Amino acid sequence: MVHGEGKFVAGPDLMVATVGLNPVPVVLAVLTRKPDRVILVHSTESAAVSIRIAALISSLTDMLAPEVDRWDCGGAEGFSSTLESFKRLADEMLGGADTYLLDYSGGNKIMTACAVWMHLRHHCGGGERQRSYVDNQTGMLVTGSAEDAALTVVNEGLTLSNLAELHGYVLDDIKLDWQRARTVEVADVRSLIVDVDRERPQVVRLQERLARLTHAAGIESRWLDEAFENKRRAREKVQIVKGLARELLAVCLLAPLVDDGVEAMFSVSVTDPTRPGQRRLAELDLLVRQGHRVLHVEVKSSAEGARKELGQRTAFSRLVFGSAAETATAATEGFVRHNGCDWEALTTKREELTRAAPWLGKVSIWRLEADSDKGVEFAAGLRNWLATAPDPGAVGNPGPAVKSNSAVVPAIGTKLAVIASLERVGDLSDGDVVGVGNGDPARNSWYFDRCEDLGVEADEEVTVLRGFSEAATVEFVPEAAAAMVTPGPKGVTAGLVRAVYAGNGTVGHVGLDGRLHTFSGTEDPMGEEHAPAAGYSARWADVLDGRFDPYVKQDGARKSVRSVADLLRACLADTDVEFWWPVEPRVKHVRDPRPELLITGRYGCCSVNVLHLPEGEYPSPGKIQAQRERGDAQKKLDNEVKRYRFGVLSASAEAANMLGDAHRPLVVLHNRRGARALGNRKDIVRATLMSHSDNQWERFAEIDRWLPLGLWSDADVPAVLIDREAVIQHLNGHQG
């Protein structure tokens with residue numbers, strides 16, 4: 001527990017906000033509600049996030065200067081301990097407050113359920129207008145009252161830099177004067193692009209023209225200095241001018257749109273302040289911010305270059321700026337090589353990739369050409385992004401109302417969470433099971449099939465909610481005998497808790513290890529932990545939705561991934577696990593963001609992410625810092641880590657989209673030397689299980705590059721698996 005020096009006073013200007021791993025909605029809630037005092041309730045995992053939130057809130061002194069305190073509610077893995085923590089919070093810090101604001105935008109479902117229950121208890125079952133959450137996608141703050149319209153969030157004071165710092169990163173950009181950039185003639189930049197694309201350009205003259213235009217746009221001189229540093233060959237310089245001229249064109253087209261409500265940054269380096277002295281994690285060409293929404297634009301010289309970039313930065317952008325971040329790729333069609341990529345092929349590849357990885361959302365590609373009858377022109381794409389409000393999603397015909405003696409299980413969310421809840425809902429109540437959802441016919445049909453498979457007596461119709469807010473849920477579920485608070489959106493969770501409170505019923509949640517957690521009691525709620533389920537081994541094919549199969553031919557998989565799979569099988573031979581391969585072939589000519597291999601156990605799943613270690617010697621950090629030079633092997637490793645950084649984030653995001661918290665990325669460092677001869681004692685494998693909480697896998701790859709990478713196997717088993725017990729525990733629970 002962490003206390004500030006000040007003492008909180010009674011009154012509605014006090015806000016309690018639950019904190020998870022996504023900090024932006026919490027900050028938006030504070031900015032919108034403007035409380036005088038804030039208590040950030042965090043778990044052990046989200047403690048660092050709460051510190052960053054407190055720092056940002058305290059820095060926005062022009063708009064608000066609330067007193068900020070933090071409260072640690074522990075692991076937040078079960079109702080018993082989390083409820084006790086909220087009780088202590090109420091007794092020690094809320095004191096005799098008649099009312100207080102609760103924002104449950106952050107935190108997991110355990111924290112949300114406990115926070116809402118205690119708020120209901122404090123307000124004798126009322127206080128709807130004092131409860132709220134922020135929908136980070138739509139940018140609206142929604143209260144628990146049906147009488148309140150959703151509020152557009154206040155985001156004054158937010159910048160690209162403090163959004164990045166909120167997520168634990170630091171930005172360093174090339175400074176430019178956007179007002180001066182408006183004065184640059186776009187036709188002059190286009191003329192430079194045309195000339196540099198000719199077969200025999202005059203490099204010196206092109207460089208001079210680029211320098212004049214850069215100066216006219218008010219761009220910091222180090223942009224050119226760093227780009228041409230140590231470049232002596234004419235061909236190298238031509239390629240640099242090609243790329244920089246297109247970036248300059250993008251700047252000039254963006255400049256007229258930059259105003260008081262739109263912020264932009266150019267040529268941005270992203271670093272991690274916890275690793276001082278380490279190289280930048282990524283370089284981003286353009287960033288545009290409107291409110292809390294961020295657009296990251298990569299500029300490429302040709303359609304072929306844009307194809308390689310499609311969707312590659314999406315997961316990283318969301319890691320740095322939050323889930324409201326989007327990506328776009330801008331390019332001219334460029335010279336099309338033999339069997340290369342033109343704009344039509346690029347558009348086809350974009351559609352193919354979007355189908356393969358739904359979590360990417362809309363992957364935008366914009367043309368930098370002035371007049372084009374194919375595709376969206378860059379400036380128009382920017383204007384559309386700035387003008388488009390996020391769609392909250394449509395629902396079917398609302399209703400019918402749920403009977404008060406029913407047990408409710410949401411039909412929305414990951415399939416694994418729905419199955420887990422359906423299996424255990426009978427332990428909460430013997431009433432009929434009712435599903436709530438958004439009216440999607442395919443999901444409803446699947447829901448009833450699962451009920452039939454599991455022997456669950458369910459209502460013949462899924463209740464369709466008018467929206468996913470607390471008030472919209474209570475409209476059709478005013479009272480319930482029991483409810484599973486997972487899966488489903490935060491607003492639905494709050495609404496179901498409120499319905500169960502009204503019915504003096506029982507709230508349930510199934511943990512990652514299959515254990516059922518429950519609590520009940522309006523006066524003195526008590527949590528209870530039940531025995532775990534038998535497991536979901538027989539359910540993985542359904543959960544993975546036919547996209548992965550253990551028996552599919554592995555011909556399309558990379559040799560290194562097949563080799564690593566064999567090594568991991570040897571390490572996990574005595575455990576109840578299964579290996580799954582993608583059914584659909586990988587999307588060619590792009591960095592396909594889907595996992596190449598999944599491992600499932602009784603309860604959990606791991607996506608396998610392979611980092612290749614090139615052969616050679618890796619000098620120590622001291623030697624590199626002293627001599628400022630690296631060997632070929634080290635340079636290859638640098639490039640591999642850079643590609644890998646985006647790949648593992650993308651694969652993890654895709655797996656999490658299907659599996660939720662049941663997924664963890666398994667990071668594998670592998671040396672090719674022994675890959676050709678499985679069983680050879682020179683095989684090297686090192687693997688570790690990573691958590692959701694931060695970019696641990698990045699630090700793992702970064703730190704281990706300076707160590708003896710991996711371990712030589714000196715036994716009959718051809719690999720050594722580090723953190724083996726942690727992997728088994730995640731896959732098979734404590735029984736592993």
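## Positive phi at N504 and K34

N504 is placed in the loop between α18 and β19, the latter spanning residues 506-510. The model described in this report is predicted. Although N504 is not a glycine, its phi is positive, at about 50 degrees. With a relative accessibility of 52%, N504 counts as exposed, because the cut-off for that class is over 50%.

A second residue of this kind is K34, which is other than glycine and has a positive phi near 55 degrees. K34 belongs to the loop between α1 and β2, where β2 covers residues 37-42. Its relative accessible area is 39%, and K34 is therefore partly exposed.

## The chain as a whole

The chain has 736 residues, of which 56% are buried. Its secondary structure comprises 24 helices and 27 strands.

Contacts that span long stretches of sequence are also described for the chain. Among contacts between residues at least 6 apart in sequence, 73% link residues that are at least 24 apart.

## Two nonpolar cores

The largest nonpolar core contains 61 residues, and the members that touch the most others are L40, I53, L171, L287, F316, F321 and L346. The element that gives the most to this core is helix α1, residues 24-33, with seven residues. Separate from it is a second core of 50 residues, whose members include I193, V258, A330 and W366.

What surrounds F321, once its neighbours within four places in sequence are left aside? F321 is then in contact with V24, L160, L163, A164, H167, L171, L284, L287 and V294. Among these partners, L171 and L287 are also listed with F321 as residues that touch the most other members of the largest core.

## Helices α15 and α16

Helix α15 runs over residues 415-424 and helix α16 over residues 441-454; their axes come within 10 Å and cross at roughly 40 degrees. This angle makes α15 oblique to α16. The crossing of the two helices is right-handed.

On the side of α15, the contact is made by K415, V418, I419, L422 and E423, and on the side of α16 by R443, W446, Y447, R450, C451 and L454. Sorted by class, the residues of this contact are seven nonpolar and four charged, with no polar residue.

Is α15 enclosed or open with respect to the rest of the structure? Nine of its 10 residues are buried, so α15 is largely enclosed by the rest of the structure. The buried residues are K415, L416, A417, V418, I419, A420, S421, L422 and R424. Of the residues that α15 brings to the contact with α16, K415, V418, I419 and L422 are thus named and are also buried.

## Helices α8 and α10

A further helix pair consists of α8, residues 203-216, and α10, residues 234-254, with axes that come within 10 Å and cross at roughly 25 degrees. Because angles under 35 degrees count as roughly parallel, α8 is roughly parallel to α10. The crossing in which α8 passes α10 is left-handed.

From α8, the residues V203, L206, Q207, L210, L213 and T214 take part in the contact; from α10, A234, K237, V238, V241, L244, A245 and L248 do so. This contact is made up of 10 nonpolar residues, two polar residues and one charged residue.

## Strand β7 and L151

L151 lies in strand β7, which covers residues 151-152. Its relative accessible area of 40% places L151 in the partly exposed class.

Which residues does L151 contact beyond its neighbours within four places in sequence? The partners of L151 are G139, M140 and L141. For L151 and L141, which are 10 residues apart along the chain, the separation of the C-alpha atoms is 5.0 Å.

## Cis peptide bonds

Two peptide bonds that lead into a proline are described here. The bond from G399 to P400 is cis, and its omega is near -5 degrees. P400 is located in the loop that joins α14, residues 378-387, to β15, residues 407-410.

The bond from T486 to P487 is likewise cis, with omega near 0 degrees. P487 sits in the loop between β18, residues 482-484, and α18, residues 490-502. Helix α18 also borders the loop that holds N504.

Terms used. Residues numbered from 1 in each chain as written. Predicted model: local features only at pLDDT ≥ 70, side-chain atom pairs only at ≥ 80, totals over all residues. Heavy atoms only, no water. Core = buried A, V, L, I, M, F, W, Y, C linked by side-chain atoms within 4.5 Å. Buried < 20%, exposed > 50% of the residue type's maximum accessible area, 1.4 Å probe, protein only. Helix = DSSP H or I, 4+ residues; strand = E, 2+ residues; numbered from the N terminus. Contact = heavy atoms within 4.5 Å. Axes fitted to C-alpha atoms, helices over the stretch in contact; angles between N-to-C directions. Parallel < 35°, antiparallel > 145°, perpendicular 65-115°, else oblique. Left-handed = near helix turned anticlockwise from the far one by under 90°. Nonpolar A, V, L, I, M, F, W, Y, C, P; charged D, E, K, R; others polar.
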